[in-house]
Amino acid sequence: MKPIVSIIMGSTSDLPVMEKAAKFFDEMEIPFEINALSAHRTPERVEAFTKGAHDRGIKVIIAAAGMAAHLPGVIASMTSIPVIGVPIDASLDGMDALLAIVQMPPGIPVATVGINGSQNAAILALQMIATGDENLHKKLIAYKETLKSKIEKANEDLAKVQYKFKTN
């Protein structure tokens, strides 16, 4: 099995946030890899990984980083593969990471999800990949249908909750 998505994080301390993406890919049966690479501590490894990603069959890279959050932008600067940035709440409530990832110069786009939003990053990656794969597109549609069902079930449960002045 060869990975088609790569999850990269600045350090393993980001794993509790990024495992939501990993669990989503497992659920959708999408082969993926996870690595820790640092734009500041291992720049040569980041470059080697990024420049080899296309030849290894990677279709989307999800890069997470906190604080200075250079990793997604550095990766995006070296590849034509779509990069999705996940800002990690490591300091300043994650706003420093969010701004560092979203404010890229022209020509170096990084799709950016919300702070600690690795599940949305995984869903966005699947949406990108599914544009060229009908089976994955069907899985994505089925997944989105489960989201609707959860809300319908929540409303059924709320209908049973009793309050003196509740009208529904």
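## A tour starting at proline 82

Select proline 82 to begin: at 34% relative accessibility, this residue counts as partly exposed. Keep in mind as you click around that you're looking at a predicted model. Proline 82 sits in the loop between helix H3 (71-77) and strand E4. Now show what surrounds proline 82. Leaving out residues up to four places away in sequence, proline 82 touches Lys59, Val60, Ile61 and Met128. Next, draw a distance from proline 82 to isoleucine 62, C-alpha to C-alpha: you should get 8.5 Å, although the two are 20 residues apart in sequence.

**Stop two: helix H1**

Select residues 15-28. This is helix H1, which has 14 residues. From its first C-alpha to its last, H1 reaches 19 Å, close to the 20 Å expected at 1.5 Å a residue.

Which residues of H1 are buried? Colour Val17, Met18, Ala21, Ala22, Phe24, Phe25 and Met28, and you have them. Now turn the view so that you look down the axis of H1. The buried residues fall within an arc of 155°, so they line one face of the helix. Here's some background that helps: an α-helix has 3.6 residues a turn, so residues three or four places apart point the same way.

Pick a second colour for Pro16, Lys23, Asp26 and Glu27. These are exposed residues, carried on the face of H1 turned away from its buried side.

What do the buried residues of H1 pack against? Show strands E1 (5-9), E2 (32-36), E3 (60-66) and E4 (83-88), then add helices H5 (118-130) and H6 (134-159), and you'll see the partners. Before you leave, click on glutamate 29, just after H1, which takes a positive phi of about 60°.

**Stop three: three annotated residues**

Select Ser11, Asp14 and Arg41 together. An unreviewed UniProt entry lists them under "binding site". In this model, the lining of the largest pocket includes Ser11, Asp14 and Arg41.

Zoom in on aspartate 14, in the loop between E1 and H1. Is aspartate 14 buried or exposed? With a relative accessible area of 9%, aspartate 14 is buried, because buried means under 20%. Residues up to four places away in sequence aside, aspartate 14 touches Met9, Ala64 and Ile88.

Then move to arginine 41, in the loop between E2 and helix H2 (43-53). Arginine 41 counts as exposed, at 62% relative accessibility. Setting aside neighbours within four places in sequence, arginine 41 is in contact with Gly10 and Ser11. Show the side chain of arginine 41 and look for one of its polar atoms lying 3.4 Å from the backbone oxygen of glycine 10.

**Stop four: helix H2**

Stay around here and select H2. Its buried residues are Val46, Phe49, Thr50, Gly52 and Ala53. To see what covers them, switch on E1, E2, E3 and H3, which are among the covering elements.

**Last stop: zoom out**

Select residues 3-151, the stretch that an unreviewed UniProt entry annotates as "domain: PurE". Over residues 3-151 the chain is 48% helix and 17% strand, and the end C-alpha atoms are 33 Å apart.

Finally, select residues 137-164, where UniProt (again an unreviewed entry) places the feature "coiled-coil region". What are the percentages of helix and strand over residues 137-164? The chain there is 82% helix and 0% strand, and the end C-alpha atoms are 46 Å apart.

Technical notes: Residues numbered from 1 in each chain as written. Predicted model: local features only at pLDDT ≥ 70, side-chain atom pairs only at ≥ 80, totals over all residues. Heavy atoms only, no water. Helix = DSSP H or I, 4+ residues; strand = E, 2+ residues; numbered from the N terminus. Expected span 1.5 Å × (residues − 1). Buried < 20%, exposed > 50% of the residue type's maximum accessible area, 1.4 Å probe, protein only. Arc of directions from axis to C-beta. Contact = heavy atoms within 4.5 Å. UniProt positions renumbered as here; feature names shortened; annotations may be inferred. 1 Å grid on protein atoms, 1.4 Å probe; cavity = no way out; pocket = protein on both sides within 12 Å on 5 of 7 lines; lining within 4 Å. Polar contact = N/O pair within 3.5 Å; in protein donor to acceptor, adjacent residues only side chain to side chain.
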